[in-house]
Amino acid sequence: MKKQDYSHLTHIESLDELRLYELIPNVVWIFDLDKHGWWWGNQAAIDFWGLDKLDDLINKDLSGDTQGARDRTVQTFDLAVKNGLTIDPWTTYPNGKPKTLFMMHRAVTLGPDRHRGIIAYINEEVNLGEAPENLLLVEAMRYTNVLVTSFTLDGKSVIENPSATAAYKHVHAEDLPDGVESEFIARFYNPTDGRLCLRDAIDQKGGRWTYEMNTLEGKRLHTLDIRMSRHPLSGDSLILVVEYDVTELHDAQEELRRLAHYDALTGLPSLRFLQNNAAKMLAHADRNQEKLALLFIDLDGFKGVNDSCGHEGGDLLLKELSRRFTGVLRNADDIARIGGDEFVILITDVNRNNDASVVAQKIIDEACRPFHVAGQSVQIGASVGIAFYPEDGRDIPALLKAADKAMYRVKNTGKRDFCLAANAVVN
């Protein structure tokens, strides 16, 4: 992974540069991330921790910190690098008692080795209390994998949890793309979606929307749960955005839809897909007084291929045959595999019954051409039954039944041919 460049950050070479900080009456300390310990603190910080001198703060034992606490510190540094300043709820434990308050952080580099550091300011102590409920809520936001961010009404990020920081660490307030007004909009894969979502969220005072987002991992599908909120310090109106990654769920739904509507072996549509699509085609034909033709195809001699070449050889033949069938059809025509060696073709805008006969003969010719399977040449055939809308049926089940009967007449009279349904008239 490419090492991040922190040369733009303020660098503090030694403690001598911090004398003016001693004049600040509020709590200020500097934390060294690379050694995971305090680098410096003013007298107010020393008093905050109940210590006697600066060395006690610098040498304070933090070996008991959890990995989550260490990760949290790194994420705060990353957020401060990105936004310049963070305002974030932190739970600290002076004298062993939890105290949750809002802190501001700036990112810096420290000492001759340029360690990563954060300057922490508590310029107005806003204690959120020692009640377990408050602490649990703060900790939940801090460590959840759900992305949580508060924005001003013009889309500027105010505070976000580490998960949001990690997902959007490439989106910098000071380096937004041309034509993108705010961090809120920059998070969307399509900025127009971001503007629409921000407008709707404000106008409707919150809601839930699903959009493609521009995360560090690339394009992801997120559901955004947005609520109106208030800044805990200033009281200004904010929008609170909670994001759930639903990419995998959406992909799983798409895969289920594909499995339900397409044949896994050949990639051709299934009978279910054909039936769903045919309803529109039949309605269109009805309005325009057009004819449709349905071809029911059953292969001749396919079982012999499975016996001689195995099922893998049979599968290869079906894949090749599907490509051949598709190649002789128009884009407007539909084909589906409905069984092991059965196919259905729906031909639109049939002017004469002979038009369907021409297609049927092409299908038979393609099926009869030799196949090279498992190192040997094999040959099959096809029997085709043809039914027409509307004379042989006014829906797909009726047309299938009529075409199936016509196909069996071919089977019984020599195979490798086609036959029209009983009600069809040759023209």
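1. Is R416 buried, partly exposed or exposed? R416 is partly exposed, with a relative accessible area of 43%. This is a predicted model, and R416 sits in the loop between α12 and β18. The backbone deserves a look here. Phi of R416 is near 50 degrees, which is a positive value in a residue other than glycine.

2. Start with the whole chain. It has twelve helices and 18 strands. The radius of gyration is 35 Å, well over the 22 Å that the globule rule gives for 427 residues, so the chain is more spread out than a compact globule. Along the principal axes, the C-alpha trace spans about 105 × 55 × 40 Å.

3. Next, surface and burial. Of the 427 residues in the chain, 46% are buried. The accessible surface comes to about 22000 Å², and carbon and sulfur atoms account for 50% of it. Contacts across the sequence can be put in numbers too. Among those between residues at least 6 apart in sequence, 57% join residues at least 24 apart.

4. One open sheet has five strands, in the order β8-β7-β11-β10-β9, with antiparallel pairing. β8 (157-160) and β9 stand at its edges. Each has a single partner strand, so one side of each is left without a neighbour in the sheet. On average, neighbouring strands of this sheet are turned by 30 degrees against each other, direction ignored.

5. Helix α7 (residues 191-203) packs on that sheet. It touches β9, β10 and β11. The direction of α7 makes about 155 degrees with that of β9.

6. Now the edge strand β9 (residues 207-215). Which of its residues lie on the covered face? They are G207, W209, Y211, M213 and T215. The uncovered face holds R208, T210, E212 and N214. The general pattern is worth recalling: in a regular strand the side chains alternate between the two faces of the sheet.

7. What joins β9 to strand β10 (residues 218-230)? Nine bridges do, and the two strands run antiparallel. Together β9 and β10 form a hairpin, with two residues between them. To find the register, take R208: its bridge partner in β10 is D225.

8. Elsewhere in this sheet, strand β7 (residues 147-152) and strand β11 (residues 237-245) are joined by six bridges. They run antiparallel. L147 has E243 as its bridge partner in β11.

9. S182 is a useful spot to check. It lies in the loop between α5 (162-167) and α6 (183-186). S182 is nonetheless buried, at 4% relative accessibility. Which residues does S182 contact, leaving aside neighbours within four places in sequence? The answer is D154, G155, K156 and L176.

10. A second open sheet also deserves attention. Five strands form it in the order β13-β14-β12-β17-β18, and the pairing is mixed. Its edges are β13 (334-337) and β18 (418-420). Each of these has a single partner strand, so one side of each lacks a neighbour in the sheet. Neighbouring strands here are turned by 20 degrees against each other on average, direction ignored.

11. Within this sheet, strand β12 (residues 291-300) pairs with strand β14 (residues 342-350) in the antiparallel sense, over seven bridges. L294 has L346 as its bridge partner in β14.

12. Two helices are placed against this second sheet. Helix α9 (residues 271-287) packs on the sheet and touches β12, β13, β14 and β17 (381-389). The direction of α9 makes about 155 degrees with that of β13. Helix α12 (residues 396-411) lies across β12, β14, β17 and β18. It runs at about 140 degrees to β17.

13. Two backbone details need checking in this region. D349, found in strand β14, has a phi near 50 degrees, a positive value in a residue other than glycine. At 38% relative accessibility, D349 is partly exposed. A cis peptide bond joins Y389 and P390, with omega about 10 degrees. P390 lies in the loop between β17 and α12.

14. Last, the cysteines. A search of the whole structure finds zero disulfides. C368 is in none, and its nearest cysteine sulfur, that of C419, is 17 Å away. Why is there no bond from C419 to C368? Their sulfurs are 17 Å apart, too far for a bond. C368 is buried, with a relative accessible area of 17%.

Definitions and conventions: Residues numbered from 1 in each chain as written. Predicted model: local features only at pLDDT ≥ 70, side-chain atom pairs only at ≥ 80, totals over all residues. Heavy atoms only, no water. Buried < 20%, exposed > 50% of the residue type's maximum accessible area, 1.4 Å probe, protein only. Helix = DSSP H or I, 4+ residues; strand = E, 2+ residues; numbered from the N terminus. Pairing = 2+ DSSP bridges. Axes fitted to C-alpha atoms, helices over the stretch in contact; angles between N-to-C directions. Contact = heavy atoms within 4.5 Å. Rg over C-alpha atoms; globule rule 2.2 N^0.38 Å. Areas by Shrake-Rupley, 256 points an atom, 1.4 Å probe, with all protein chains shown as cover. Disulfide = S-S within 2.5 Å.
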